[in-house]
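Student: I would like to learn how to read the features of a helical model. Could we go through them one at a time?

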Amino acid sequence: MATTATAEGRRARSLTLVAMTLANSMILVDQTAVPIAIPRVVDGLDASLSAGQWVLVANALPLAGLMVFGGRIGDLLGLRRVFLIGAVGFTVSSALAGAAQSMPWLLTMRATQGVGAALMMPTTMAIVSVSYSEEDRGRALGIMAGASAFFAAVGPIVGGMLTQYIDWRAVFLVNVPLAVIVVLLTLGNTPAIRPTEAGSRGIDVPGLVAFTLGIGSLTLALGQGQVWGWNSPLTLAALVVGVGGLVAFVRIERRPDPLMDLSLFRHANFAAANISQFIAGMVELGSAFLLPYFLLLVIGLSPAAAGLALIPATVPIIVVAPLAGRWFDRVGGRVPLTVGFVVLAASSFALAIGFAEEGLVALVPGLVLQGIALGIVLTVNDPTGINSVPEKVRGQASGVVDTSEQLGGAIGIAVFAMLFHAFYYRRLIDLVEGRGFSITTDEWERGRDFVMQAEQEGLSQVEPPRFIELVLTEFKQAHVEAYQFVFIVIGVLALLGAFVCFRMVRRDDRLLRTRVFSRRSRWMWASTGRGPSITRKPAEDESDELSATDVANAEGESRSPP
């Protein structure tokens, strides 16, 4: 009987892992596949090209602003319950987005998609963390992180294929059957994890408003700065509101029952994991944003071919991630994260060298190294941070880690795109003027239209204007040098990530001596013994949380508490 119960428990855990992995992957594919479909969306809904940018922004704002809330409310109301609410909302929103008849309709559904995803993403990690013992947690989170990163990387391929061969609506509608599978697997296999703070049901509304306003405005400013102009009143106002909201949030969170317990950052491994995740998000999403344009505008591939050309960066992720999880289980996070960031720096420098060849083969070594590095870093970051905090707040903690990655990605895209364009325009003007040409305002406008068309179809598929033909060599050279400059900056940033991880991460978490946001009394609360890496002393009252022992008993197993 016990053997049967054990086998059923292992099966339920495995299917829970499948459901959470599929959910995470679905959200990330949606983020990376939609940009490819935007030109067709704009045409199909008879909207302006500028409105197309809001298809991304409408989803990114609630996703970035509400993920910490999603993790927090999961701790308060139960992780499975909140996950299922988010999954149902995401499913309905995806179906209605695919049926959209106008741009306002689509933007509304993209926003509600973001809300659903914000409830799902942090709770997926927390559910897997609670479902597996500490010995197996790294491997399980490694599988989830590796598969999610892989599917996020192939999102452009999926988006390109669905848009080109079916319809842009399929990019949204494909989520519906996948989400239904996720809901059924969760209902049938994931235990009903009860709330972890039965005595504290309040929601920190002021903190929620301040954080959502701060993160949302900051994400808006960074995402739209290129479009609006960095000196425009809209961009500056959004930056001021964003910074002001975050400052207000830090002050509000000193109250009892906060949305985000800032004393969690006193755990060195958790603080390091958030810094690491922020840097990894900058590198991952920033380079993912830039690389396709090199393939389109310099090598001249079509969008579908450009998506396929990035496979050398995606396959290593799915291969390396489970191995990285086992590596973490054996040695902790310090060595894998340090090595991962060093390899990530090497990949950026290799790509910078390969750009000069203006060919795909020269990029393969850098792409492969990037896939290996991201497979390590994105896998090991999660358990490094999650294992270091009390189990009762792991939903909240996973929301913070997810927010760090999303915010890092938004900043990475904005900063690297800004650096690229500033270098590119200056270098192009120098090269063109060096040949004795001067470009008129009308030619700049026509040149911009040509570049936009080449971004959608590939340089070799578009006939350039006469004046572009005369300076096509300089056009490519300016692009190559701008890409080299930006990826050298990315490599240096990755080395900074290696330094942070080497200095801060330890196998056994420790508490930082420096004041981090909050009063010392809050730090003491964070050290009650619930974190197994801090002390082996059991918590005084574990009746309000589902521990590893609770999960084992629910499965018919017997396991001694640590």
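**Reading helices, loops and contacts**

Tutor: Glutamine 113 is placed in helix α4, which covers residues 103-131. Keep in mind that this is a predicted model.

Student: Is glutamine 113 buried or exposed?

Tutor: The relative accessibility decides this, and buried means under 20%. Glutamine 113 has 0% relative accessibility, so it counts as buried. In sequence, glutamine 113 and valine 88 are 25 residues apart, while their C-alpha atoms are 9.9 Å apart in space.

Student: How do I describe two packed helices?

Tutor: Two numbers serve for packed helices: the angle between the axes and the distance between them. Take helix α3 (residues 79-98) and α4: their axes come within 7 Å and cross at roughly 150 degrees.

Student: What does that angle say about the directions of α3 and α4?

Tutor: Angles over 145 degrees count as roughly antiparallel. Therefore α3 and α4 are roughly antiparallel to each other. The crossing in which α3 passes α4 is left-handed. Sorted by class, the contact of α3 with α4 has 17 nonpolar, eight polar and one charged residues.

Student: Which helix holds phenylalanine 90, and is phenylalanine 90 buried or exposed?

Tutor: Phenylalanine 90 sits in helix α3. Its relative accessibility is 1%, so phenylalanine 90 counts as buried. Phenylalanine 90 and valine 176 are 86 residues apart in sequence, and 8.5 Å apart in space from C-alpha to C-alpha.

Student: Where can I practise on another pair of helices?

Tutor: Use helix α11 (residues 268-299) and helix α19 (residues 472-504). The axes of these two come within 10 Å and cross at roughly 165 degrees. That angle makes α11 roughly antiparallel to α19. By class, 23 nonpolar, five polar and one charged residues form the contact of α11 with α19. As for handedness, α11 passes α19 in a left-handed crossing.

Student: Where is serine 287 placed, and is serine 287 buried or exposed?

Tutor: Serine 287 belongs to helix α11. With a relative accessible area of 1%, serine 287 is buried. Serine 287 and serine 348 are 61 residues apart in sequence, and their C-alpha atoms are 9.1 Å apart.

Student: Can the same reading be applied to a loop residue?

Tutor: Yes; take leucine 262, in the loop between α10 (233-252) and α11. Leucine 262 has a relative accessible area of 6% and is buried. The C-alpha atoms of leucine 262 and alanine 397 are 10.0 Å apart, with their positions 135 residues apart in sequence.

Student: What should I look for in the backbone angles?

Tutor: Most residues other than glycine have a negative phi. Aspartate 46 has a positive value, near 55 degrees, and is not a glycine. Aspartate 46 is found in the loop between α1 (2-44) and α2 (49-77). With a relative accessible area of 72%, aspartate 46 is exposed.

Student: What is the phi of glutamate 358, and where is glutamate 358 found?

Tutor: The phi of glutamate 358 is positive, about 55 degrees, although glutamate 358 is not a glycine. Glutamate 358 lies in the loop between α14 (334-355) and α15 (364-386). Its relative accessible area is 33%, so glutamate 358 is partly exposed.

Student: How do the helices on either side of that loop cross?

Tutor: The axes of α14 and α15 come within 8 Å and cross at roughly 155 degrees. That makes α14 roughly antiparallel to α15. The crossing of α14 and α15 is left-handed.

Student: How do I check the length of a helix, for instance α13?

Tutor: Compare the expected span with the distance between the end C-alpha atoms. Helix α13 (residues 311-331) has 21 residues, and at 1.5 Å a residue α13 should span 30 Å. The end C-alpha atoms of α13 are 30 Å apart, which agrees.

Student: Where does α13 bend?

Tutor: There is a kink of about 35 degrees at valine 320 in α13, and proline 322 follows shortly after.

Student: Which residues of α13 are buried?

Tutor: The buried residues in α13 include Ala313, Thr314, Pro316, Ile317, Val320, Ala321, Ala324, Gly325 and Phe328. Val320, where the kink lies, is thus one of the buried residues.

Student: What follows α13?

Tutor: Glycine 332 follows α13, and its phi is positive, near 85 degrees.

Definitions and conventions:
Residues numbered from 1 in each chain as written. Predicted model: local features only at pLDDT ≥ 70, side-chain atom pairs only at ≥ 80, totals over all residues. Heavy atoms only, no water. Helix = DSSP H or I, 4+ residues; strand = E, 2+ residues; numbered from the N terminus. Expected span 1.5 Å × (residues − 1). Bend = angle between axes of the 7 residues up to and from the residue. Buried < 20%, exposed > 50% of the residue type's maximum accessible area, 1.4 Å probe, protein only. Axes fitted to C-alpha atoms, helices over the stretch in contact; angles between N-to-C directions. Parallel < 35°, antiparallel > 145°, perpendicular 65-115°, else oblique. Left-handed = near helix turned anticlockwise from the far one by under 90°. Nonpolar A, V, L, I, M, F, W, Y, C, P; charged D, E, K, R; others polar.
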